[in-house]
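Please open the model in your viewer and keep the selection tool at hand. The stops below go from single residues to a sheet and then to the whole chain.

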Amino acid sequence: HRNRSTYVLGDFFTIKRGIETGDNDFFLLDPRAILSLDLPMAFMRPILPGPSHLIEQEIVADPEGYPILEQRLFLLDCTLPEWEIRRDYPTLWRYLEEGKERGVHERYISRHRSPWYLQERRPPAPFLCAYTGRGDRNGTVVEGAPFRFILNNSRAIAPNVYLMMYPRQALAERIGQMYYEKIMLWSALNEIDVRAVLQRGLIYGDAGGKLEPMELASVSADMITRLFTDLRPDSAAQLPLFDDPALDNE
């Protein structure tokens, strides 16, 4: 067992980048577009807008789990084969054909998926790290505070401009479904010194570009061990998060 002072966020969270759609203009739709195209809601999954369009720090959900946001977006998320879509969902079929005319199926991400419109499997994450910028090599923050942590009470997933934070088993069992515990953990995450994250970026890469999961995972978790003094993450650190163990290594 390691000394408690050496724990990092990766001991308490499995951290994944949000999904890469392959073409946001095609796969992300607002309610008006869905209605005008008469697309089936059965294949629409709620997804958060980018950090620059998200003013909310806590995502509140309606009774069906949809996020209550000013800007509502949905991800076209269908696993059916094309022949079945053509037979049973003609409006969706027409939209996919329009995507082919636009060359969406030939883009790098799409052409490496089968079928080409298949999306990554990601469950909703209760905690998200949003980043809108980085810093210079002296750790100076550019354009204000570039990192913030969001509490997600909805079933919305997130695009790849977020990091999705899934509590590992020990932490998940500790906070359970208790809202107050989640609030305390969320507050603790937002106390992380931005400079600590920037410094990890200098170790794993340069000061610009995307925040990598390994960068965030390597940040000290002292704020969590102080909050939950009875929590021992060691036994849960290697347990799989997803039903498919292969996804835990993505």
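A residue counts as buried when its relative accessible area is under 20%, a cut-off applied with a 1.4 Å probe and protein chains only. Bear in mind throughout that this is a predicted model.

Begin by selecting Cys 129, which has a relative accessibility of 1% and therefore counts as buried, since that value is under 20%. Move next to Cys 78, where the relative accessible area is 2%, so that this cysteine is buried as well. While cysteines are on the screen, you may look for disulfides, of which the count is zero, the rule being that a pair of cysteine sulfur atoms must lie within 2.5 Å.

Now select strands 2, 5 and 3, which in that order make up an open sheet with antiparallel pairing. Strand 2 (28-29) and strand 3 (44-47) are the edges of this sheet, because each has a single partner strand, and one side of each therefore lacks a neighbour in the sheet. Stay with strand 3 and add strand 5, residues 73-76, to see the antiparallel pairing of the two, which runs over four bridges. Within this region, highlight Met 44 and look across to Leu 76 of strand 5, which stands opposite.

Finally, show the whole chain, in which there are eleven helices and eight strands. The chain has 250 residues, and 49% of them count as buried. If you display the surface, its accessible area comes to about 12,900 Å², with 50% belonging to carbon and sulfur atoms. Should you display contacts between residues at least 6 apart in sequence, 78% of these join residues at least 24 apart.

Methods:
Residues numbered from 1 in each chain as written. Predicted model: local features only at pLDDT ≥ 70, side-chain atom pairs only at ≥ 80, totals over all residues. Heavy atoms only, no water. Buried < 20%, exposed > 50% of the residue type's maximum accessible area, 1.4 Å probe, protein only. Pairing = 2+ DSSP bridges. Contact = heavy atoms within 4.5 Å. Areas by Shrake-Rupley, 256 points an atom, 1.4 Å probe, with all protein chains shown as cover.
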